[in-house]
Amino acid sequence: MKKTICKVEYDTDTALFVAKYVEGLWGDPKGFEECLFQTESGKFFLYVNGGEESEHAGENITRMSAARAEAWRAERGV
């Protein structure tokens, strides 16, 4: 998935995969996955994809600071 935020393109196909957190099973309407990526220039972003009833309904990308990315990893235990 690609998304441009503040004139910066975030692309899951070209960024470095860092960590993944999954809740529920594939097809579960309340299930979701969160994947942390880092761009070549060092920017972090979170790709999310979830069922219709989850906290991440559908697909999205959000940018993250390095501190927030580290906090996310600690919160999720990944």
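A charge is taken to sit over a ring if NZ of Lys or CZ of Arg is within 6 Å of the ring centre and within 35 degrees of the ring normal. In this predicted model, arginine 76 lies over the face of tyrosine 21, at 4.4 Å from the ring centre. Beyond this contact, the briefing covers an open sheet of 4 strands, a hairpin formed by strand 1 and strand 2, and the aromatic pairs, of which the structure holds 4.

**The hairpin of strands 1 and 2**

- Strand 1, covering residues 2–5, pairs with strand 2, covering residues 8–11, in the antiparallel sense, and 4 bridges connect them.
- Within this pairing, lysine 3 has tyrosine 10 of strand 2 as its bridge partner.
- The two strands form a hairpin with 2 residues between them, and cysteine 6, which lies in the turn, has a positive phi of about 50°.

**The open sheet of strands 3 to 6**

- The sheet has its 4 strands in the order 3-4-5-6, and the pairing is antiparallel.
- Strand 3 (16–23) and strand 6 (58–64) stand at the edges with a single partner strand each, so each of them has one side without a neighbour in the sheet.
- From one strand to the next, the twist averages 15°.
- Strand 3 is joined to strand 4, residues 32–38, by 7 bridges, and these two strands run antiparallel; in this pairing the bridge partner of alanine 19 is leucine 36 of strand 4.
- Strand 4 also pairs in the antiparallel sense with strand 5, residues 44–50, over 7 bridges, and here leucine 36 stands opposite leucine 46 of strand 5.
- Strand 4 and strand 5 form a hairpin with 5 residues between them, where glycine 42 in the turn has a positive phi of about 95°.
- Because 6 of its 7 residues are buried, strand 4 is largely enclosed by the rest of the structure.

**Aromatic contacts**

- A pair of aromatic rings is described by the distance of the centres and the angle of the planes.
- Among the 4 aromatic pairs of the structure, tyrosine 10 and phenylalanine 45 form one that is edge-to-face, with 5.3 Å centre to centre and 65° between the planes.
- This pair links distant parts of the chain, since tyrosine 10 belongs to strand 2 and phenylalanine 45 to strand 5, 35 residues apart; both tyrosine 10 and phenylalanine 45 are buried.
- The rings of phenylalanine 17 and phenylalanine 37 have centres 5.7 Å apart and planes at 75°, and because planes over 60 degrees apart count as edge-to-face, this pair is edge-to-face as well.
- Phenylalanine 17 in strand 3 and phenylalanine 37 in strand 4 are 20 residues apart, and their pair likewise links distant parts of the chain.
- With a relative accessibility of 43%, phenylalanine 17 counts as partly exposed, whereas phenylalanine 37, at 8% relative accessibility, counts as buried.
- Tyr10, Phe17, Phe37 and Phe45 form one aromatic cluster.

Key:
Residues are numbered from 1 along each chain as its sequence is written. This is a predicted model: local features need pLDDT of at least 70, side-chain atom pairs count only at pLDDT 80 or more; totals for chains, interfaces and linings use all residues. Side-chain values use heavy atoms; hydrogens and water are left out. Two strands pair if DSSP finds at least two bridges between them. Axes are lines fitted to C-alpha atoms, for helices over the stretch in contact, and angles run from 0 to 180 degrees between N-to-C directions. Buried means under 20% relative accessible area, exposed over 50%, partly exposed in between (1.4 Å probe, protein chains only). Rings of Phe, Tyr and Trp (its six-membered ring) pair if their centres lie within 6.5 Å; planes under 30 degrees apart count as stacked, over 60 as edge-to-face and the rest as tilted.
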